[in-house]
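Here's a set of exercises to work through with a viewer open. Have a go at each task before you read its solution.

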Amino acid sequence: MERKRPKQLYFKMFRTYTAVIFCIVAALTVYFTFDARRRLLESNRQETERIHAEALGYIEEIGRAADYIHKDLYRSPSELNDLLEYFRLEPEDYQEYTLERYSASNDLVYKGIFRFVNETFEANRRLEKIEMISYETSGMTECYPEKSIYPDKDGRPRLYQIQNGGFCRVGELVFLKEIRNPDTMKPVGCMLFTFEAEEALREIQSANALVGMAVRYKDGEVIYGEPDTAEFGFPAGQKQYFSCMDSAGEYQVCTFMDERQAAKLPAIRFLLIMAAGMLACAAGILAINFYVKRFTGRVNLILEAMDEVTTGDFQVRLNVRKKEDELDMIAGNFNGMCERLELYIEKSYLAEIERKNAQMQALQSQINPHFLYNTLEAIRMKAICNGDKEVGRMLYSMVVLFRSQLKEADVITLGQELDYCKQYLELFEYRYQGCFRSKVECPVELLPLPVIKFVLQPIIENYFIHGIERDRSDNMVHIRAGREGDTLYLYVEDNGRGMEEEELEKKNRELRENAWAKKDNGSIGIHNVNRRVRAACGENYGITLKNVKPKGLLVILAMGIKEEEHEESDVGRG
């Protein structure tokens, strides 16, 4: 099947990722638009509540001022008594009463109700008018700032308004305070305090053009706001409107706002959101173009390398980055495959050549090992006849070692392995007489356990190459065995040169990783034993090196125990 061009992968990925980016940016633009509308609506709602609270506070403050004036009148007995007489007497009689009272007092100023009214105007700049109406005479007096007083008016129409409602006026806050005789507690008249409301409420409302406001008296009379607006705004619960309604004494305050208008984004803000979305989309497309080109470029390199391999060139290699993504894994596996193919071809070729050479060598030298054993045995007997027993023992140990190397099976008992070690150590005890000794310890129950042949001899040989110090007379090698569960531990401990900590760490790391030993590092035998043990017993077994205090090296060899297999092999041999 013909391979698709890499550009097809590029266009497919570019279209897919661009569509995903477009959908994400569109969703985010819609989200931010709705979120901005929600925040704007919430801000306008809070502004409506603030304006509502400010208007309500203004009316409550005016109501407290009216209450204070009323209570202050009762705290002034002279002004209160003068007011009671004013309500009871006709105008001529009241004038006569005030003259007689002023003559009888020592005060320079007459403390009457009109003095109290003038002081009240001076103390309350927002107070526009005070009305005093007598229930007995139905007379009414209107008082204004700057000592403007209009007495002897007919108060019956005003009393009718008070009794039947409708005494408030648009743009004014009117508070009715009844006056009672302190002695009889009977009402004798009333006072109406009129405060300015239109200008103050309009100033409060002007903080937000979207907020509407209406204020009415408890009987329904509107004192601020258009009547139709007030009736429209007061009923709460309409879905498109947000409203607040509370009472401040005898007045009701309602602020409201059209939520559709309040949530409408300004054009400049909407355009900014759209522009941000377009910029994000453009940036995303550029990033996608860069990423897809880079990705398809790496895929193209892999395809080109595969084409070169099909021509028989196994030297081709791909660069592997440190990030190690899937393409890097493919490149790494590709490189490994090329290396293995090249090595396999080379090994197959060399193996065939070596097989031919081995056949030639086998034909040219057919030496019988028994000739070597018989010759060594003849030399040993000659040495014994000449009285040189040490040479005889050395030759005997050598014959035993050679025989075991060629004739014994690959798996022997621990007892046999330790015997070979003793023979090997005896040769070196003859060689280093007076400066070396050895010791082998093993519990009797461990002697029949199966072990791989010659796992200890390379370790001991390594000591004689690198660890022994010939200028000392106390060189010592101690071999011992132990068991923990299904693991057999063989310990080879010496008091020789030991190893530097850094070198010891490196050596243990190589043993754990089961790395191949270099020929010039002086420990090929230990590496070979480690590989043999791990191959036979598993990755959890092998050799570990430790330094011994004050001086020396401890080699720990861990092997798995398979007693059943050994017993079966013994039975088979029997």
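The exercises below go from the whole chain down to single residues, and the model they use is predicted.

**Exercise 1. The overall picture**

Task: find how many helices and strands the protein has, and what share of its residues is buried.

Solution. Start with the secondary structure: there are 17 helices and 16 strands. Next, go through burial, where 39% of the 574 residues come out as buried. Then look at the surface, which amounts to about 35,200 Å², with carbon and sulfur atoms supplying 54% of it. Finish with the contacts: take those between residues at least 6 apart in sequence, and 63% of them turn out to join residues at least 24 apart.

**Exercise 2. The largest pocket**

Task: work out how much space lies in the largest pocket and which elements give two or more residues to its lining.

Solution. The idea behind the search is simple: roll a probe the size of a water molecule over the atoms, and you see where empty space is left. For the largest pocket here, that space is about 390 Å³. The elements that give two or more residues to its lining are α2, α3 (91-104), α4 (113-123), β2 (139-144) and β3 (148-154). Now count the lining residues: there are 23, and Y86, P91, Y94, P151 and D152 are the ones nearest the centre. Helix α3 gives the largest share, six residues. Last, sort the lining by character, and you get twelve nonpolar, seven polar and four charged residues.

**Exercise 3. An aspartate in α2**

Task: is D82 buried or exposed, and which residues does D82 touch beyond four places in sequence?

Solution. First place D82 on the chain: it's in helix α2, residues 77-88. Its relative accessibility is 0%, and the cut-off for buried is under 20%, so D82 counts as buried. For the surroundings, skip residues up to four places away, and you're left with Y94, Y97, T98, R101, Y110, G112 and I113.

**Exercise 4. A hairpin and a helix residue**

Task: describe how β4 and β5 run and how many bridges join them, then find what I162 touches.

Solution. Strand β4 covers residues 172-180, strand β5 covers 187-196, and the two run antiparallel with nine bridges between them. To check the register, pick V174: its bridge partner in β5 is T194. The two strands make a hairpin with six residues in between, and M185 in that turn has a positive phi of about 60°.

Now move to I162, in helix α5 (residues 156-164). With a relative accessible area of 18%, I162 is buried. Beyond four places in sequence, I162 touches I133, F167, L176, C190 and L192. Take L176 as a distance check: it's 14 residues from I162 along the chain, and the C-alpha atoms are separated by 8.6 Å.

**Exercise 5. Backbone oddities**

Task: which peptide bond is cis, and what is the phi of S138 and of K147?

Solution. Begin with omega: the bond from K549 to P550 is cis, with omega near 0°. P550 lies in the loop between β15 (542-547) and β16 (553-560). Then turn to phi. S138 isn't a glycine, yet its phi is positive, near 60°, and this residue sits in the loop between β1 (127-134) and β2. K147, another non-glycine residue, also has a positive phi near 60°. K147 lies in the loop between β2 and β3, and at 60% relative accessibility K147 counts as exposed.

**Exercise 6. Three helices, three checks**

Task: why is α14 described as largely enclosed, and what are the contacts of V309 and E429?

Solution. Helix α14 runs over residues 457-467, and eight of its eleven residues are buried, so the rest of the structure largely encloses it. Those eight are Q457, P458, I459, I460, N462, Y463, F464 and G467.

Next comes V309 in helix α9 (residues 267-310), which is buried at 15% relative accessible area. Outside its neighbours within four places, V309 is in contact with F314, V316, F334 and C338. C338 is 29 residues away in sequence, with a C-alpha to C-alpha distance of 8.0 Å.

E429 belongs to helix α13 (residues 414-431). Its relative accessible area of 27% makes E429 partly exposed. Leaving out neighbours within four places, its contacts are F436, R437 and S438.

Notes:
Residues are numbered from 1 along each chain as its sequence is written. This is a predicted model: local features need pLDDT of at least 70, side-chain atom pairs count only at pLDDT 80 or more; totals for chains, interfaces and linings use all residues. Side-chain values use heavy atoms; hydrogens and water are left out. Two strands pair if DSSP finds at least two bridges between them. Helices (H or I, at least four residues) and strands (E, at least two) are DSSP runs, numbered from the N terminus. Buried means under 20% relative accessible area, exposed over 50%, partly exposed in between (1.4 Å probe, protein chains only). Contact means heavy atoms within 4.5 Å. On a 1 Å grid over the protein atoms alone, a cavity is a set of points where a 1.4 Å probe fits but cannot get out, and a pocket is an open set with protein on both sides within 12 Å along at least five of seven lines; lining residues have an atom within 4 Å of a point. Grid points are joined across faces, edges and corners, and a volume is the space filled by probe spheres set on the points. Ala, Val, Leu, Ile, Met, Phe, Trp, Tyr, Cys and Pro count as nonpolar, Asp, Glu, Lys and Arg as charged, and the others, Gly among them, as polar. Accessible areas come from the Shrake-Rupley method with a 1.4 Å probe; for residues, only the protein chains shown count as cover.
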